[in-house]
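Here is a short report for a first look at this structure. It takes a sheet first, then the helices.

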Amino acid sequence: MATAEINYQKPPQAILDVMHAPASPVPSISPAKTHILLIQRQLYPSIAVLAAPVHRIAGLRINPANNGPHAPLGTATGLTLKTIAGGAEVKIATPPGASLDTPVWSPDGKYFAVTNSTASTIELYIGSLTSPALRKVPGVILNDTIGQPVAWFSSSRELLVRMVVAARGPAPKPPAAPAGPNVQESSGNAGPVRTYQDMLKSPYDEKLFDYYCTSQLASIDVATLRVTPIGKAGIFSSLNPAPDGKHLLVARIHKPYSYLHAYPNFPHETEVWDRTGRTVYQVFSHPLEDTVPIEGVPTGRRSIGWRPTEGATLMWWEALDGGDPKTKAPFRDKLMMLRAPFSGQPVEVFKTQHRARGLMYGESGGMALVSDYDRDRRWLQMFRIYLDDPTAQAKLVSSRNAQDRYKDPGLPLLKRLPTGGMVLQQSGDYVFLSGTGASPQGDRPFLDRMNLRTWETERLFRAGDQGYETVVGLLDAEGTRFLTSYETPNTPPNLYIRQKGSETRTAITNFQDPTPILRKIKRQLVTYKRDDGVQLSFTLFLPPDYQPGQRLPTIMWAYPLEYNDADTAGQIGGSTQRFVQMRGISQLFLLLSGYAILNDATIPIVGNPETVNNTYLEQLVAGAKAAIDKAVEMGVTDRNRVGVGGHSYGAFMTGNLLAHSKLFRAGVARSGAYNRTLTPFGFQSERRTFWQARDIYMKMSPFTYADQIKTPILLIHGEADNNPGTFPINSERLYQAIRGNGGTVRLVMLPFESHGYAARESSEHTVWEMLTWFDKYVKNAPAESSSK
């Protein structure tokens, strides 16, 4: 059968019951740590929502009906306000048929703003701790095409919003016939670019971009709901209110646009405005960023923002190496600072040896933490500096392999200041660090406090070996009381109050298990070694009612990752102490049909970052073989009934394993890229271009070896995939190549779906396809010789 059109199919009822079980609310904790918003979510939109009209332009997907994002996912349908002390709950009255975005708390934690998407507009509502209902801001129609449409301005008294321009007239109509061809031209300057979708393609697209993305800025008084316009309308790629409530940092996009790059790379002017919209300082004029090297940064001022501890002080980075990571330079970036009224010269604060990675501000004393990253060594460093004392010597806080999970010191906890900025949560000389606590036995999250003078750390909390518990936030300045999320294999995540040094938990929420059948699933962390000595692992999932000694049809599900060395490649990640949940298109649904799953099987590709893919295929096959051998050795896997699957780069892996090994009876490859010549300027961690490593690009492409793919393969792809590199044509051409060479292959193109699949119908059908394919070619496959 060459082509066929079928109706959406559903998996068995046992899977549907789990797929559509009610989801626990998502908690959102107020900055003051006094209240929690419990957000009820919609799990899956219908395919009709995804099928609604859309403009795919400049890297955006715009709903022309309401000037918002097309098919927003994870929308909220209800809100409940819960008091942390005492646990009292109030259900917030929301608009009928509400489709809410995530609420945005005011800095003082007394209010929250939330948008509501209707068929024709995006509305703005304000909630408070003292009211059981949301207040609609009348006359405000938000523009939610670029950036966040709502932010807090002037502490907690005002909102800054992007509104649809009033009386803008009807949308541009497509021309009846083109006035001429669409032309692009290059003058000879190198401009490598990743393979992006949804770009502008014509002058008509440019008109649509101008029409839908132009916003009018305004402030809204929370008490009176008075709306005050700010400045002239424009296309704003970013907005950032200053802590003083008197200045705005705005970035305005302007022509000429690009047909190869998305809107963040378009020319734009970064300016400081006053509250009327008057430009008081021209920060930087950014040209079209069409010659930035792959993995490089633009030249000139970038990452421009406000220093949160001062009224109006600008901070930014500037490249010292031309923005090119391949250029040798003693320093790659410098940190600059300029205070209001912006009439003086910027001050150089600090230089980084490698590319600047992050900047976190202390609450007082001008202290800050700066990170840089050496891409060749995959090495991350953090320094303490003082912004106002350039003579103070920088102190190295941490230095480690960025992939070394065992030595990860954690990330500093942040808090929001009354003026809205984020700073380190600080208690005297102490800051607080929270991390996953990776170990050979699995993750055990922790909370530390670190002395900024002695650099000694004190462990305030570490999760036990039973259950999984993470710190959500501190409830006092000293870190002696904190909020955690705790779960076990048998109980869902809930919020608790914990006290330093005590094992007592005080429950804040009481979410129940919606899928008791999943508690019968057995899970085990399994470690083993590849032939070259690299340690590997997978989490073995066994179906409900599994009987020891029974050999099962087995699916290996994986996603390869690149590492510099074998030690970090072999480190354990994740935890078997977590609550098993299944949503969307999870491969774990196959457990309910009697499969064993080698989940997240580690397939490390180890080597120098410049040449690591030279042995990609050899390491890939060796890793897969080691996983199967271990599962067979354990007595749970029937070697003659093993399948493989993956999504995105995992699908690429699947295609290669079926082309270059005889380890599997069938494969499922979702949303993959199979012809690397379609991503000629690099992919994943590959730094060389196609013209620098032709043989590697060809060798790694399953399309090149389609004549060798005789193991049955199911290809699934969203027809509207907008992920860089995974154009739907990848699956279409691989299907044609395998079919043309006599292979067994099925191609499923999901209408209106992107890189991940969202609609209820698509999710159900994807699981049905995977189950049907594996049942036919793995579970019920005829016996084969075990001498593979």
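## Terms and model

Two strands pair if DSSP finds at least two bridges between them. Helices (H or I, at least four residues) and strands (E, at least two) are DSSP runs, numbered from the N terminus.

This is a predicted model, where local features need pLDDT of at least 70, side-chain atom pairs count only at pLDDT 80 or more, and totals for chains, interfaces and linings use all residues. Residues are numbered from 1 along each chain as its sequence is written, and side-chain values use heavy atoms, leaving out hydrogens and water.

## The sheet

Eight strands form an open sheet with mixed pairing, in the order E38-E39-E42-E40-E44-E45-E46-E47. Strands E38 (522-529) and E47 stand at the edges; each has a single partner strand, so one side of each is left without a neighbour in the sheet.

E38 and E39 (residues 535-542) run antiparallel, joined by 8 bridges. Tyr-528 stands opposite Leu-536 in E39.

## Helix H8

H8 covers residues 729-740, 12 in number. Its buried residues (under 20% relative accessible area, 1.4 Å probe, protein chains only) are Asn-730, Ser-731, Leu-734, Tyr-735, Ala-737 and Ile-738. Seen down the axis of H8, they fall within an arc of 170° (taken from the directions from the helix axis to the C-beta atoms), so they line one face of the helix.

What covers these residues includes strands E46 (713-718) and E47 (745-750); contact means heavy atoms within 4.5 Å. Gly-742 follows H8, with a positive phi near 85°.

Key:
Expected span 1.5 Å × (residues − 1). Buried < 20%, exposed > 50% of the residue type's maximum accessible area, 1.4 Å probe, protein only.
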